[in-house]
Structure formats: structure tokens, C-alpha cells
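Please examine the sequence and the three-dimensional model shown below. The explanation after it leads through the helices in turn.

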Amino acid sequence: VGLVPLVMLTGWITGWIFAGRALTPVLEIARAAQRISGSNLSMRIPSRKAGDELDYLVETFNQMIERLEHNFNQVRQFSTDVSHELRTPLASIQGYAETLMDGALNDPEYNMRFLGIIRHNAERLARITQDLLTLSRVEQKRQNSISNPSA
């Protein structure tokens, strides 16, 4: 009877030590994953080269981070492209409007030409904006169909 508590205590301590050793790789993976953020998606979790389920998890996680990095880069490039596409007609509108407002040109023919350029660039901005809204709606529908396939 006196030996049972000792055996139980020894078993508990042994189990606790083995569980701690078994969970150490999981904790290392979790720490590495916590260091990865949107600003450093190029970082990967190093493989343990054990060929076990944890290595498979690490490989899968790294592949997911790679896809996220690719998508983030696409979004950054898209934002840069959109900014450029919007900036060009806006600068044109602003320049021609300021010239007209300054009264530098008293020629009605030039004034009409400048107003035509302003209108053309405003229409261009409207098309770009409409295209962005359409793209946003399509993406939203796609996301909804992925997250709720039965809808």
C-alpha cells in the first residue's frame, strides 16, 4: 500500500518529463510562427529533418506562408499600379483646372480644349473607380462562395 503512492508519483514525474520533451518541438514551432508577421513574411520555420508529422506540419505551414507572401506582394503591386493610374488623370485635371482658374488663357478655343481634357480625365477616373468597385464586388462574391459553399 505504501508503495502505490511512490509508484504513482514516479509515474507522474516520468510522464511529465516525457511530455515536456515531446512538446518541446511543438513549442519551438509555435515560437517561430509567432515571429512571422505581415512585415516579415519571407521568414520560414526551419525543418527539424526528423521526417515525422511535425516536419509535415512545418512544411505545410511554410507553404501557406509562401502563398501569403505571394498574395501580399500582389496586393502591394496592385496598390502601386492603382495609385499610378489614379495620379495621372488627377494631375492632368488639376493642372488644366488651375490654368483655367488663373485666367492665363483668354482664348475661348483653348478654354474649351482644356475643359475637354479635364472632362476626358474625369471620365477616365470614373471608369477606373467603376472597375475597382466591380473588382471588389467580384472578389467579395468569390470570398462568400468559398466561405459558404452551400449559399
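The paragraphs below treat a surface patch, a polar residue and a helix with its packing. The model is predicted.

The account begins with helix α1, which comprises residues 3-35 and contains L9. Together with W12, I13, W16 and I17, L9 makes a nonpolar surface patch of about 580 Å². The relative accessible area of L9 is 46%, so this residue counts as partly exposed. Membership of such a patch requires over 30% relative accessible area and no salt bridge. An α-helix has 3.6 residues a turn, so residues three or four places apart point the same way.

Helix α2 includes N62. Is this residue, N62, buried or exposed? Its relative accessible area is 13%; because buried means under 20%, N62 is classed as buried. The side chain of N62 reaches the backbone oxygen of I45 at a distance of 2.8 Å. Leaving aside residues up to four places away in sequence, N62 touches R44 and I45.

Helix α3 covers residues 108-147. What span should its 40 residues have? At 1.5 Å a residue the expected value is 58 Å, and the end C-alpha atoms of α3 lie 58 Å apart, so the two agree; the expectation multiplies 1.5 Å by one less than the number of residues. At the N-terminal end, D107 caps α3, with a side-chain oxygen 3.0 Å from the backbone nitrogen of E109. The buried residues of α3 are F114, I118, N121, L125 and I128. These buried residues pack against α2, which runs over 53-102.

How values were computed
Residues are numbered from 1 along each chain as its sequence is written. This is a predicted model: local features need pLDDT of at least 70, side-chain atom pairs count only at pLDDT 80 or more; totals for chains, interfaces and linings use all residues. Side-chain values use heavy atoms; hydrogens and water are left out. Patches are made of residues with over 30% relative accessible area and no salt bridge: like charges are joined within 9 Å, nonpolar side chains (Val, Leu, Ile, Met, Phe, Trp, Tyr) within 5 Å. Accessible areas come from the Shrake-Rupley method with a 1.4 Å probe; for residues, only the protein chains shown count as cover. A salt bridge is a side-chain nitrogen of Lys or Arg within 4 Å of a carboxyl oxygen of Asp or Glu. Helices (H or I, at least four residues) and strands (E, at least two) are DSSP runs, numbered from the N terminus. Buried means under 20% relative accessible area, exposed over 50%, partly exposed in between (1.4 Å probe, protein chains only). Contact means heavy atoms within 4.5 Å. A polar contact is a pair of N or O atoms within 3.5 Å; within protein, one must be able to donate a hydrogen and the other to accept it, and residues adjacent in sequence count only if both atoms are side-chain atoms.
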